[in-house]
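Please look through the sequence and the structure shown below. The report that follows goes through some helices, strands, loops and a pocket in turn.

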Amino acid sequence: MALVDADDQVIELALARPGMIAGSVVLGRIVGKVPGGNGLFVEIGQERAGFLSNPPKTGAKRSEGQAVLVQVRSDAAHGKGATVALDLSFSGAWLAYTPTKPGLATSRRLDDDERARLQDIMASLLAEGEGVSVRTAALGRTRDELAHELAHLRSQWQAVQAAKSQAKAPSVLWSPDPVDRMLALHPGIQQVLVDDAALYAELKSRLGEQVVLDRSGFATDLDEVFEEAISPTVDLPDGGRLSFGALAALTAIDVDSGRGAAQAANAQAAVEIARQIRLRGLGGQIVVDFIPTGGKGGLTNLAAQMRRLVSFDPVNTAVLGITAMGLVEMTRERRGPSIPELCLETETRSSSLAAGLRALRQAVKEADHRPGRPL
């Protein structure tokens with residue numbers, strides 16, 4: 001799937017792969033505690049246990065071997081297990097249904113009159129013990145529209161309860177539809193283009209006129225964007241270049257001016273970096289090595305520009321400042337494996353010379369131990 005802005009530029013990519021269960025509700029089993037920390041490891045049916053941070057200290061005591069209902073917040077990545085949470089949430093385009101957290105919350109981005117209108121509607125629709133957060137995108141939605149979405153989200157919770165009654169830990173009880181997940185992450189989506197007739201019919205019944213069947217071959221055009229998202233380098237308009245290097249701990253981005261002016265390359269790089277970290281789905285620690293120009297003040301201005309640019313990213317992204325070595329450091333909430341992680345296999349290979357010399361050393365060592373014998 002690809003998210004496209006009003007200028008027809010692809011700004012985000014999403015892939016569905018076996019084993020990716022972010023958003024799923026799982027009946028897990030507690031298999032251990034974090035040594036010296038406030039966290040639990042929960043078996044969820046994957047190679048690595050999920051990590052449950054800061055479990056509540058009040059309420060039922062949780063012990064090893066106990067079954068526990070959790071929701072996967074982010075998929076396993078970088079050799080670490082998935083992160084899970086006890087609070088369940090079923091998200092739609094306008095509402096987030098929280099059956100384990102009663103209460104009614106409304107987005108503060110709505111004006112007072114609209115908030116009051118939506119609160120009145122939802123208060124009349126909620127049953128005792130249910131919880132709902134009304135999203136900003138609910139602006140102007142009718143009672144019937146909100147009631148229809150609430151019923152859809154309730155049905156997901158009911159599916160979890162029905163599956164739980166017959167399941168043994170660890171078991172995935174419910175998983176969100178990939179399209180539903182994209183719509184929930186980006187409630188402002190205006191139109192959904194689909195190139196598959198069966199999927200179109202399925203989505204049409206849920207989303208109505210928002211869905212359009214498009215056989216123009218747009219999926220083929222996206223191949224170029226995927227290649228860009230996994231390339232180690234990205235060209236800048238005036239001849240400069242970005243180079244990406246990923247490690248388990250962080251992603252490093254280097255800016256090269258090429259034959260262009262350093263100041264112009266830095267300005268273009270800031271814009272492209274903000275786009276690329278979102279397009280690639282990068283997460284965790286990120287450091288950027290801009291071209292030294294303008295002294296400390298120049299770097300400070302670039303860091304401020306980066307703050308403005310990443311403020312449009314729906315994923316929590318922060319520009320922290322400048323390191324002693326002059327690197328702009330950032331963090332971005334990890335939502336699972338990035339596009340390069342999903343599409344590339346990383347392998348360290350010896351150069352031909354190193355491999356040949358290693359073979360020669362082994363031959364010499366063998367000759368010392370077996371004099372006079374053929375190797």
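## Helix α6

In this predicted model, 13 of the 18 residues of α6 are buried, so the helix is largely enclosed by the rest of the structure. A residue counts as buried when its relative accessible area is under 20%. Helix α6 covers residues 262-279, and at 1.5 Å a residue its 18 residues should span 26 Å. The C-alpha atoms at its ends are 25 Å apart, which agrees with that expected span. After α6 comes Gly281, whose phi is positive, near 70 degrees.

## An open sheet

Six strands make up an open sheet, in the order β15-β16-β17-β18-β20-β19, and their pairing is mixed. Strands β15 (233-235) and β19 (317-322) stand at the edges; each has a single partner strand, so one side of each is left without a neighbour in the sheet. From one strand to the next, the twist averages 20 degrees. Strands of a sheet pair through backbone hydrogen bonds, either parallel or antiparallel.

Two of the pairings in this sheet involve β20, and the table sets them out.

| Strand pair | Sense | Bridges | A residue and its partner in β20 |
|---|---|---|---|
| β18 (284-289) and β20 (328-332) | antiparallel | five bridges | Ile286 and Met330 |
| β19 and β20 | antiparallel | five bridges | Thr317 and Arg332 |

Strands β19 and β20 also form a hairpin, with five residues between them. In the turn of this hairpin, Gly326 has a positive phi of about 85 degrees.

## The second largest pocket

How much space lies in the second largest pocket? The figure is about 1200 Å³. This pocket is lined by 36 residues, and the closest to its centre are Ala2, Leu3, Val4, Gln191 and Leu193. Several elements give two or more residues to the lining: the strands β1 (2-4), β2 (10-13) and β13 (192-194), and the helices α3 (178-185), α4 (197-207) and α5 (218-230). Helix α5 gives the most, with six residues. By residue type, the lining divides into 24 nonpolar, five polar and seven charged residues.

## Residues in loops

Three loop residues are described here, beginning with Asp8. Asp8 lies in the loop between β1 and β2. Although Asp8 is not a glycine, its phi is positive, at about 65 degrees. Is Asp8 buried or exposed? Its relative accessibility is 67%, so Asp8 counts as exposed, the cut-off for exposed being over 50%.

Pro170 is placed in the loop between α2 (143-164) and β12 (171-174). The peptide bond that leads from Ala169 to Pro170 is cis, with omega near 0 degrees.

Gly208 belongs to the loop between α4 and β14 (211-213). Its relative accessibility is 25%, so Gly208 counts as partly exposed. Along the chain, Gly208 and Leu52 are 156 residues apart, and their C-alpha atoms are separated by 38 Å.

Methods. Residues numbered from 1 in each chain as written. Predicted model: local features only at pLDDT ≥ 70, side-chain atom pairs only at ≥ 80, totals over all residues. Heavy atoms only, no water. Helix = DSSP H or I, 4+ residues; strand = E, 2+ residues; numbered from the N terminus. Expected span 1.5 Å × (residues − 1). Buried < 20%, exposed > 50% of the residue type's maximum accessible area, 1.4 Å probe, protein only. 1 Å grid on protein atoms, 1.4 Å probe; cavity = no way out; pocket = protein on both sides within 12 Å on 5 of 7 lines; lining within 4 Å. Points joined across faces, edges and corners; volume = space filled by probe spheres on them. Nonpolar A, V, L, I, M, F, W, Y, C, P; charged D, E, K, R; others polar. Pairing = 2+ DSSP bridges. Axes fitted to C-alpha atoms, helices over the stretch in contact; angles between N-to-C directions.
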